[in-house]
Amino acid sequence: MIGAGLYVDNSAGAAGATGVGEEIIRIGGSLLVVEAMRAGRSAQEACEQAVRKVNAVAGRRGVHPARLAFLALDPKGQPGAACSAQTNFQYAVARPGKVELLKAKEIEVSGK
């Protein structure tokens, strides 16, 4: 796996992605996530939208979606994460006095 993309805008949030970089770049993934937050989506909703778009683009190309994950943080510090199915992506969130290990929401291919 190769990593792909980080995009930060202080007014809208930040996003990054990991996995098959070509698939992430194909949809402008991190930028897509930040722009979704700018449009009013939560960090979680924005990450899920990006994974759904990767799945849809892969489907139109007739290939199985690659394993990848998106992470985001809104300007208030609220995190979000989503990944493709069967990726089992985990991430850590640190807050004063504790660190949590969380599992990203897996997004299935539509129609399954």
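**Exercise 1. Determine in which strand Glu 100 is found, and characterise its surroundings.**

Solution. Glu 100 is found in strand S6, which covers residues 98–103. Helices (H or I, at least four residues) and strands (E, at least two) are DSSP runs, numbered from the N terminus. The model is predicted: local features need pLDDT of at least 70, side-chain atom pairs count only at pLDDT 80 or more, and totals for chains, interfaces and linings use all residues. Residues are numbered from 1 along each chain as its sequence is written, and side-chain values use heavy atoms, with hydrogens and water left out.

The next step is accessibility. The relative accessible area of Glu 100 is 28%, so this residue is partly exposed. Buried means under 20% relative accessible area, exposed over 50%, and partly exposed in between (1.4 Å probe, protein chains only).

The last step is the list of partners. Neighbours within four places in sequence being left aside, Glu 100 is in contact with Tyr 91, Ala 92, Val 93 and Arg 95. Contact means heavy atoms within 4.5 Å.

**Exercise 2. Establish whether Asn 55 and Thr 87 are buried or exposed, and list what they touch.**

Solution. Asn 55 is found in helix H3. Its relative accessible area is 6%, and Asn 55 is therefore buried. Residues up to four places away in sequence not counted, Asn 55 touches Pro 65, Ile 107, Glu 108 and Val 109.

Thr 87 is found in the loop between strand S4 (79–84) and strand S5 (90–95). Thr 87 counts as buried because its relative accessibility is 17%. Its contacts, leaving aside neighbours within four places in sequence, are Arg 67, Leu 68 and Glu 106.

**Exercise 3. Describe how Arg 38 is placed with respect to Ser 11.**

Solution. Arg 38 is found in helix H2 and, at 39% relative accessibility, counts as partly exposed. Arg 38 and Ser 11 are 27 residues apart along the chain, and their C-alpha atoms are separated by 7.8 Å. Beyond neighbours within four places in sequence, Arg 38 is in contact with Asp 9, Ser 11 and Ala 12. Between the side chains of Arg 38 and Ser 11 there is a polar contact of 3.3 Å. A polar contact is a pair of N or O atoms within 3.5 Å; within protein, one must be able to donate a hydrogen and the other to accept it, and residues adjacent in sequence count only if both atoms are side-chain atoms.

**Exercise 4. Identify the elements that supply the largest nonpolar core.**

Solution. A nonpolar core is a set of buried Ala, Val, Leu, Ile, Met, Phe, Trp, Tyr and Cys residues joined through side-chain atoms within 4.5 Å. The largest has 22 residues, and those with the most contacts inside it are Ile 27, Val 33, Met 37, Phe 70 and Ala 72. At least two residues of this core come from each of strand S2 (13–19), helix H2 (29–38), helix H3 (43–61) and strand S3 (68–73). H3 gives the most, with 7 residues. Another core, of 7 residues, lies apart from this one and includes Ala 69, Cys 83, Phe 89 and Val 93.

**Exercise 5. Work out how S3 is joined to S2 and to S4.**

Solution. S2 and S3 run antiparallel and are joined by 6 bridges; Gly 19 has Leu 68 in S3 as its bridge partner. Two strands pair if DSSP finds at least two bridges between them. S3 and S4 also run antiparallel, with 5 bridges, and the partner of Ala 72 in S4 is Gly 80. S3 and S4 form a hairpin with 5 residues between them, and Gly 77 in the turn has a positive phi of about 90 degrees.
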